[in-house]
Amino acid sequence: MNALPKCAKFYITTPIYYVNADPHIGHLYTSLIADAAQRWQQLIRPNVKITFATGTDEHGSKIQQAALKNNMAVDKYCDQISSSYKAMSANFNVGYTSFIRTTDEAHMKTVQEFWKTLSKNGYIYSSKYSGWYCVSDETFLSESQLKETVNSNGERTLVSLESGHPVEWTEEQNYMFTLSKFQKELMKWLSKNDGVVKPKKYQKILWDMISNEELADVSISRPSSRVHWGVKVPGDDTQTVYVWLDALVNYLTVAGYPDIESETFNNIWPPEVQVIGKDIIKFHGIYWPSFLLAANLELPKTLFCHSHWTVDDEKMSKSKNNVVSPFNRSLLYTCDGLRYFLLREGVAHSDGNYSDTKLTRILNSELADTLGNLLSRCCSSALNPNQVFPEIDSEAFERVASMDVTKKIMDAVMKLPEICEQHYSDLNFYKVVDATIATLHVTNLFFESIKPWELRKKPESMDQLNVVLHLTLETLRICSIILSPIIPSISDRILNKMSVPKSRRLWKEVRSQSWNDPSFKQVKLSTSTAVIFQRILDERKKNSRL
């Protein structure tokens, strides 16, 4: 990604979220990965054209059922839940450029045009279809995708092997897509493109899915009598388009399909990165590339697949009443704090564990103490009465720089950009935070070791005090720019306090250090607060507010 030219495009997507329930932290995490990725691109390539698509998936039988359960008209129900996803993006600073709803007229027309292309190219046929159907997952399953369970009453039930949801035998007239024709092409695509699915663990999982058994043709329509809330199949009102075909086409809607010869389409398509959860890898790694191949369209360059979140080491589910709402938790931990925690603790290749205790500890230790306290001390009237980012005297700098603790901080700061650039390129945000916090720990040790409050008492030590303040503030400047894709609001507040111009907040500005710049002139700090994150209340006080 970093080798692209400066004015290159960057198209990134989240899956569109199913509106059968309000957002939880898993949805937020997916959006934050995509948002941090696109912010990183803007940081390193300021002239890049960003297209960042997200939205809501609003068709299918589950939506009909959810609306009925909530005693609402289906369209009103969709409006309400879709609005909550928009609010989630707004609250947590998710800077999408396109928000797609599958009930949008423009999208439904795109779905029908895409269907016509698949049909014209000879990949759709009508057939009497029978098989095991999972209503919750809205998909037919093969025998190998099922398992038998026994409930407390001793009754045997077939369920989906992957999701655990019950299945039922269904026979109906459907339109079928010739998925079986694309097995060899999918295997060729995966074998020739190492890293097309990241992390490698998921490319291996997808390879096993495709190579271990023959792919069967897939049903891509449902009878309108059973699923009326959907896009009508072109030329056949008795059928609606399968929700997953409908949903996947949203990525093309954003790009301007079917006008594939247009400048707009070619300036967007294909996606550089599609962020998905591990539960939908089959749809994005098998169905989606097959649909695109059938339509003679270029495939996405990278599928970035992430794991899920548990809550106190248990699977998040409505039945356990442990679904974590990002809105509720942001009242306790702030939107900035929750955003930081999810990107800091989320590891793509394995499930993350949400814990209020852990969240409180991390935010207090890293945002309030390590990062926030360092800024507050540098901006205190006791140590910095003139409220400046001071110039440094060369002789005083040489004396301070000769100390081992100073060498450690300078070395850490100079190496940090290269380390973090690689981690950002791999979308390993937790490693960016690890490296940056480690540098800030070294800086705090430097500050404690030199004891600037003692230097402040001696007029002859003012030049050395200025060196300490300068080195610490410069470290904060560089670390804040590095962390800006992860915590954009907090980074902005720190850089605003330090009077860093907006034009000087790009990646190229972290590659050089002000202590090596002989032309550096004193900078007046702004009058804004130096408190960037308040410590979180202890667990008992928090629980009393829930």
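Which residue's side chain does Arg505 join through a polar contact of 3.2 Å? In this predicted model, the partner is Asp492, whose side chain meets that of Arg505 at this distance. Arg505 itself sits in the loop between α19 (488–497) and β21 (523–524). Its relative accessible area is 9%, and because buried means under 20%, Arg505 counts as buried. Leaving aside residues up to four places away in sequence, Arg505 touches Leu43, Ile481, Asp492, Leu495, Asn496 and Val500. Asp492 therefore appears both as a neighbour in contact and as the polar partner of the buried Arg505.

Attention can now turn to the empty spaces inside the protein. Two cavities of 30 Å³ or more are found in the structure. The largest encloses about 70 Å³ of space. Its lining brings together Tyr29, Ile33, Phe304, Leu343, Gly346, Val347, Ala348, Leu427, Asn428, Phe429 and Tyr430. Two helices, α1 (25–44) and α16 (429–450), each contribute at least two residues to this lining. Sorted by class, the walls of the largest cavity comprise nine nonpolar and two polar residues, with no charged ones.

The second largest cavity has a volume of about 30 Å³. Around this space are Tyr133, Glu138, Arg222, Val227, Thr240, Val241, Tyr242 and Val243. Here the lining is made up of five nonpolar residues, one polar residue and two charged residues. Charged residues are thus present in the lining of the second largest cavity, whereas the lining of the largest cavity has none.

Note on methods
Residues numbered from 1 in each chain as written. Predicted model: local features only at pLDDT ≥ 70, side-chain atom pairs only at ≥ 80, totals over all residues. Heavy atoms only, no water. Helix = DSSP H or I, 4+ residues; strand = E, 2+ residues; numbered from the N terminus. Buried < 20%, exposed > 50% of the residue type's maximum accessible area, 1.4 Å probe, protein only. Polar contact = N/O pair within 3.5 Å; in protein donor to acceptor, adjacent residues only side chain to side chain. Contact = heavy atoms within 4.5 Å. 1 Å grid on protein atoms, 1.4 Å probe; cavity = no way out; pocket = protein on both sides within 12 Å on 5 of 7 lines; lining within 4 Å. Points joined across faces, edges and corners; volume = space filled by probe spheres on them. Nonpolar A, V, L, I, M, F, W, Y, C, P; charged D, E, K, R; others polar.
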